[in-house]
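Work through the following exercises with the sequence and the coordinates side by side. Each task is followed by a solution that proceeds step by step.

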Amino acid sequence: MAPKLSSVIAVALAGCRLATAQNPDDTAEVHPKLTTYQCTKAGGCVAQDTSVVIDWNYHWFHTADWLSCTTSDGKVNSTLCPDEATCAKNCFVQGDTNYTGNGVTTSGDTLTMYQYTKQSDGTYQNASPRLYLLGSDGNYKMLQLNGKELTFTVDLSQLPCGENGALYLGEMDKTGGRSEYNQGGANYGGGYCDAQCPVQNWKNGTLNTNAAGYCCNEMDSGTVDTTKPFTIVTQFNTNDGTATGTLTSITRKYLQNGVLVASANSGGDTLTTEMCNSLDSTAAAFGSLATSGQALARGMVLTFAVWNDATGYMNWLDSGNNGPCDATEGNPTLIIENNPTTHVVFSNIRWGEIGSTFSSGGGSGTTTTSKAGTTLTTSKASTATAGTKTTATTKVTTTSSAATPAQTHFGRE
């Protein structure tokens, strides 16, 4: 049977690009819109034309003949990709047109991320999406937060023990590594890096021939699980209160039902250089808050993820001294059996002048404490971290990449 004309044209068009790099094929990436807001005290909050893009590693890489460029064990085919230039000639990245199939949905200013997605046969497949905030120009939205604050609302009520819904900042390249060999760049989720120096198949969207780790500054939001949605405000305070000043402290505030909830941490929820250095013996060597402030001044990319831990069961976050979960509850096998629809919801993401992104009805509210720190209400999966990780010593991030979304994208050392 003769091939369909559309297939012949598609292959021919792909062939025309062979000299121009490991670039997008003819399948256009369709980014889910996510409204965010930039705020000032004088002008209020203005909606931004933003969307989310899924990580580069979640895309399919194929030849002009639509054969996979990766092997069954998740590695890059060494025959097609012996080096960066040859791989760029042989392989294309396919655009993602089905974010729902990757566990991602958006509506207005609300983002929902599912750990698993239901298949046509009724089974569930691991999705574990990781996303980045994208601007309307095809580059990442770079947040410069010194002297400013970042606010978001999160609903973690559907995350059981062993699940992690994460929102954090990473100092990625604004273009996603766009280059001769990576013309897709940020539009295809290229350029992921973090303080764990992850070793991935691709580095800045091109073949990682040396299996090198890709390190960059990272700042995690501390995690608080509750049975109801709540709002987290993170304020990046400088010595002179301006965006050009030196970062001296980070303040966390929590709101629920319009009421500011006081922290139950004995030291409060303000992280200083002295506190940072006392919590981590290597913090001073990395420049502590001042170095983090320099990264914030350059601009960082807002990252979203939902994931579980196939080896450590997330015990470092919510078991033993870190929370109320037992040592085996976080086993992904148990999660998919008992909570296949587990998901996290982020909404109302705002940044701007300190005091411009939220309002409070006042009052101190009520707090309770768990073994892990501050909580607003307690539940089986209730956990909290003791502060905001700010240096290159943070541990809650990727250590290796997966070739398909069906595998774990995060690890814990």
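## Exercise 1: Charges over rings

Task: In this predicted model, state which ring Arg350 lies over and at what distance from the ring centre, and then do the same for Arg130.

Solution: Arg350 lies over the face of Tyr37, at 4.4 Å from the ring centre. Turning to Arg130, one finds the face of Tyr192 beneath it, with 3.7 Å to the ring centre.

## Exercise 2: Classifying aromatic pairs

Task: Find how many aromatic pairs the model holds, and classify the pair of Tyr132 and Tyr140 and the pair of Trp307 and Trp316.

Solution: A pair of aromatic rings is described by the distance of the centres and the angle of the planes. Centres must lie within 6.5 Å for a pair, and planes under 30 degrees apart count as stacked, whereas planes over 60 count as edge-to-face. By this rule the count comes to eight aromatic pairs. Among them, Tyr132 and Tyr140 have 5.6 Å from centre to centre and 70° between their planes, which is an edge-to-face arrangement. For Trp307 and Trp316 the centres are 6.1 Å apart and the planes stand at 25°, so this pair is stacked.

The next step is to ask how far these residues are covered, for which the cut-off is that buried means under 20% relative accessible area. Tyr132, at 0%, is buried, and Tyr140, at 1%, counts as buried too. Trp307 has a relative accessibility of 1% and is therefore buried, while Trp316, at 17%, also counts as buried.

## Exercise 3: The nonpolar cores

Task: Identify which residues of the largest nonpolar core touch the most other members, and which strand gives the most to this core.

Solution: Begin with the whole protein, in which 51% of the 413 residues count as buried. The largest nonpolar core holds 58 residues, and those that touch the most other members are Leu131, Leu150, Leu169, Phe236, Leu302, Phe304 and Phe346. Strand β21, residues 300-308, gives the most to this core, with seven residues. Phe346 can serve as an example of the contacts: leaving aside residues up to four places away in sequence, Phe346 touches, among others, Leu111, Met113, Phe152, Val154, Leu167 and Phe304. Apart from this core lies another, of eleven residues, including Trp56, Phe61, Cys87 and Tyr188. Two of the names just given recur in an aromatic cluster, which is formed by Trp56, Phe61 and Trp202.

## Exercise 4: The surroundings of Gln94

Task: Where does Gln94 lie, and is Gln94 buried, partly exposed or exposed?

Solution: Gln94 is placed in the loop between β5 (92-93) and β6 (104-107). Its relative accessible area is 23%, so Gln94 is partly exposed. Not counting residues up to four places away in sequence, the residues that Gln94 touches are Asp25, Thr27, Glu29, His59, Trp60, His62, Trp66 and Tyr188. With Tyr188, a separation of 94 residues in sequence goes together with 8.8 Å from C-alpha to C-alpha.

One of the residues touched by Gln94 is Trp66, which is found in the loop between β4 (61-62) and α2 (84-90). Trp66 has a phi near 65°, a positive value in a residue other than glycine, and with a relative accessible area of 30% Trp66 is partly exposed.

## Exercise 5: A hairpin and another positive phi

Task: Determine how β6 and β7 run and how many bridges join them, and then compare the phi of Gly108 with that of Ser128.

Solution: Strand β6 is joined by four bridges to β7, residues 110-114, and the two strands run antiparallel. Ser107 stands opposite Thr110 in β7. In this hairpin two residues lie between the strands, and Gly108 takes a positive phi near 65°.

Ser128, by contrast, is not a glycine, although its phi is positive at about 45°. Ser128 is located in the loop between β9 (124-126) and β10 (130-134), and because its relative accessibility is 2%, Ser128 counts as buried.

Definitions and conventions:
Residues numbered from 1 in each chain as written. Predicted model: local features only at pLDDT ≥ 70, side-chain atom pairs only at ≥ 80, totals over all residues. Heavy atoms only, no water. Phe/Tyr/Trp six-rings, centres within 6.5 Å; stacked < 30°, edge-to-face > 60°. Buried < 20%, exposed > 50% of the residue type's maximum accessible area, 1.4 Å probe, protein only. Lys NZ or Arg CZ within 6 Å of the ring centre and 35° of its normal. Core = buried A, V, L, I, M, F, W, Y, C linked by side-chain atoms within 4.5 Å. Contact = heavy atoms within 4.5 Å. Pairing = 2+ DSSP bridges.
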